[in-house]
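Colleague: I would like a close look at a single part of this model. Pick out one sheet and tell me how it is built, then place it in the rest of the structure.

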Amino acid sequence: MTDLPQASSGKSIPERKPEISDAVPPAPDILKARIEKYKSAAENLRDMLLADLIRFGEIPAPTFAEEQRIRFLANRFEEIGLDHISIDELGNGMGVITGSEGRRNLLVLTNADTLVKDIKDQTIEVRADRLVGPFVGDNSIALAALTTLPLLLERLKLRFKSNIILLATTRSLERGNLEGVKHFLANSERPIEAGLCLESVQLGRLNYHCMGLLRGDIHCRLPGNYNWAQYGTTGSIIPMSEVVNRISQIALPHRPLTTIILGMIKGGIAYNNIARETVLSFEARSESLDILSQIKQQITDIITEVGARSGVKITLDVIAQREPGGLDISHPLVRRATTVMAALGLQPTLYSTTSQLSALRDVKIPGLTIALTTGERRNELDEIDESVAIAPLALGLAQVVGILQAIDEGGIS
Amino acid sequence: MKLNLRKWLRSLTGHAPVKTTQKKIQVVDWLSTHTFHHSQFADIKSLVIEKERQNLRISLCLPALNEEKTIGKEIILLKAELMKRYPLLDELAVIDSGSTDQTREIAASYGASVYLARDILPQYGERHGKGENLWKALYQLRGDIIIYIDADITNIRPHFAYGLVGPLIRMPEVQYVKAFYDRPLTVSKGVRVSGGGRVTEIQIRPLFSLFFPELTAIIQPLSGEYAARRRALERLPFPVGYGVETAHLLDIYHRWGMTAFAQTDLDQRVHRNQPTHALGKMAFGIYQTFFRRWKAYGFIEKLPPMGTVLRQFQNRDGRYEQIESLIREEERPPIITIPEYQRAFGRYP
């Protein structure tokens, strides 16, 4: 088992002094007029955005198998004429909009992978006001935004001083554990000034702080010397159910925010076969690293005790752990984003996230996560079946341009 | 205007019709020179340059009836890629048969030109069937090349259009390009491979093998996606229903031979499955089209009057009952014979 890194709860970032000044933004009416122009130009690019969204969305891309999507992205970047297009060793796809000065590098990123591997029909349906299909909300829109953003800047004749690096990352979800973005950040030859993580939904979110995270699988296996002849033998499921019971009894504080998600449970092969192995997949999230460490210890104690009592082998396989932390709400980056969002009529929803932001945080790069439209899951029991609204997309893209501009100008002035 | 098919076909003899014994080309040779994969035309930019050099206009027609689930996606993908990103298409139109769902509204909201078939050349009356829409599209659209793509495709991609138009831009002798593909049919939420083309394999291919062996080289003669030059289409009669694709193949072959055809592999087409009884109706309409030409080409002197009622059976509560379907495969005359068309396009027979 891996120990969580030693740190206290949710710290802000003092180490790095980015070139982001606290300049005074322009008057609200000027900003509003500017943003409205961006929105109008984005509306004219609706079809291009939707077409790429559909193309991305219908390419299967489970974690560790994102090649086809990244290839499509790289081809699009080629057609658009971006600079420095590349696919790195882990499959991350990148292109650069070269800035007029090019001294600073702003990163716009999103993950290319999707959760489920065995979707047979990944068709996206276009309705009058929305798109419906697997993963349209996670994260096809954000990928389409990467390929549409250069066109939008071109239409607006907007050239930033900074280089804008557009990045689609691989190995982000599940066991991928942000491996792609971490690899990119560790090996990038361009120092990144700030990062903007794009998510598809929900428009209005503004994440500047990351939750700490502990993600793992608990395996309950029958030992080699298990007594199969014993009448009433229950196999691995009953001990696992006790583990589940005990985890659900762990007391969680309301502050700092903490939760344990029991995401998946799998075990057995047939009605009449004793289950030899059962696996529980869980994720604990907290704003406090100390609490996460306590949870990890409690889970370890539970599985040790249940395993000893029931005679089965129970192990914890930690597949991801992240420290909490991020920016202060008073950070200039957060303030500038809220100003842009306000000019668009968006009321920012501030909460902690577990997205790619934490990879930026790990290397002390200030970053935010924002989203591009609104959406919902059609059926709460089937989390892959999503629908997203088309109309807000222009607002979402205008927001990206506005925030990038604000960062580029070091304060909208 | 009533079509006298025999008279019309005879009038084509100014261009000697191909007989099965003359101008015969080897099917294998034709396959190697006139069969393509869409990826061979993926350089859309160069297609656009060549199209502009030839001063061609290209129109895309989506014939539709109650296709609200798929029409929006088709329009977005084709328009974004082939009109906005690359100006290959000059026009994208939906010719609707009178949908009762949101097909027309959705199509218009995504920027297609939308027409009701009955509003086009209304003085010639209203017929029901896809062929009617295709025929009226010739009057409504302005392209020198018309691409027809069915509106029920769930996996539409831009290559459906550029793959079909590519041979027409590259090969002046080609008049008509047909799609073929591996066709999974949507079943519930899943997809199963193959199983499509039952009418092709059971009806069309045996008929072609009997009477027009060269046409068997067309891998999917009933595919709903094809592109053709106006100057060819305007001279063809159009069955309004199931027989339109078969009629096109027979009449083009009869007039220009195999060199007028090309075909393009579009990989995969996902569409709704058709129940067997619906395929029976299709086959019935195709037989009417086929035998009418059999007579017109002079293969037989006396064709007995053909029935127009298809009789099928179903079992209800242990009793068999007959279902009668009236299927009259009417044909529209070559549109070049219509005065309004002649005036609008300045083209005459």
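Modeller: What follows starts with a sheet in chain A and works outward. Keep in mind that this is a predicted model.

Take the sheet itself. It is open and has 4 strands of chain A, in the order β11-β12-β10-β13. The pairing is antiparallel. Two strands sit at the edges: β11 (258-267) and β13 (313-322) of chain A, and each pairs on one side only. On average, neighbouring strands of this sheet are turned by 15° against each other, direction ignored.

Now zoom in on one pair. Strand β10 of chain A covers residues 212-221. It runs antiparallel to β13(A), and 9 bridges join the two. For a point of reference inside this pair, find A:L214; opposite it, in β13(A), stands A:Q321.

Two helices lie across these strands. Helix α6 of chain A spans residues 237-248 and lies across β10, β11, β12 (277-286) and β13 of chain A. Its direction is at about 10° to β12(A). Helix α7 of chain A, residues 289-310, lies across β10, β11, β12 and β13 of chain A. Against β13(A), α7 of chain A runs at about 165°.

Next, the domains. Chain A is divided in two: domain 1 takes 28-210 + 324-408, and domain 2 takes 212-322. The C-alpha centres of these two domains of chain A lie 35 Å apart. Where they touch, 7 residues of domain 1 of chain A are in contact with 11 residues of domain 2 of chain A. The domain 1 side of that contact divides into 2 nonpolar, 4 polar and 1 charged residues.

Step back to chain A as a whole. Its secondary structure comes to 10 helices and 18 strands. Of its 413 residues, 49% count as buried. Take the contacts in chain A between residues at least 6 apart in sequence: 81% of them join residues at least 24 apart.

Then there is the second chain. The contact between the chains takes 13 residues from chain A and 20 residues from chain B. On the chain A side, the elements giving two or more residues are α2 (46-57) and β4 (125-126) of chain A. The largest share there, 5 residues, comes from α2(A). By class, this side of chain A has 7 nonpolar, 1 polar and 5 charged residues.

Chain B has its own tally. Its secondary structure comes to 12 helices and 15 strands. Buried residues make up 46% of the 349 residues in chain B. Among contacts in chain B with a separation of 6 or more, 76% are accounted for by residues 24 or more positions apart.

One helix of chain B deserves a look as well. Helix α3 of chain B covers residues 44-53, and its buried residues are B:I44, B:L47 and B:K51. These residues lie on the same side of α3(B), because they cover an arc of only 55° around the axis. They pack against β2 (58-64) and α7 (159-170) of chain B. The other side of α3(B) carries the exposed residues B:K45, B:I49, B:E52 and B:R53. After α3(B) comes B:N55, with a positive phi near 55°.

Methods
Residues numbered from 1 in each chain as written. Chains lettered and ligands numbered in written order. Predicted model: local features only at pLDDT ≥ 70, side-chain atom pairs only at ≥ 80, totals over all residues. Pairing = 2+ DSSP bridges. Axes fitted to C-alpha atoms, helices over the stretch in contact; angles between N-to-C directions. Buried ≥ 20, exposed ≤ 12 C-beta atoms within 10 Å, placed from the backbone. Domains from an automatic or database assignment. Nonpolar A, V, L, I, M, F, W, Y, C, P; charged D, E, K, R; others polar. Arc of directions from axis to C-beta.
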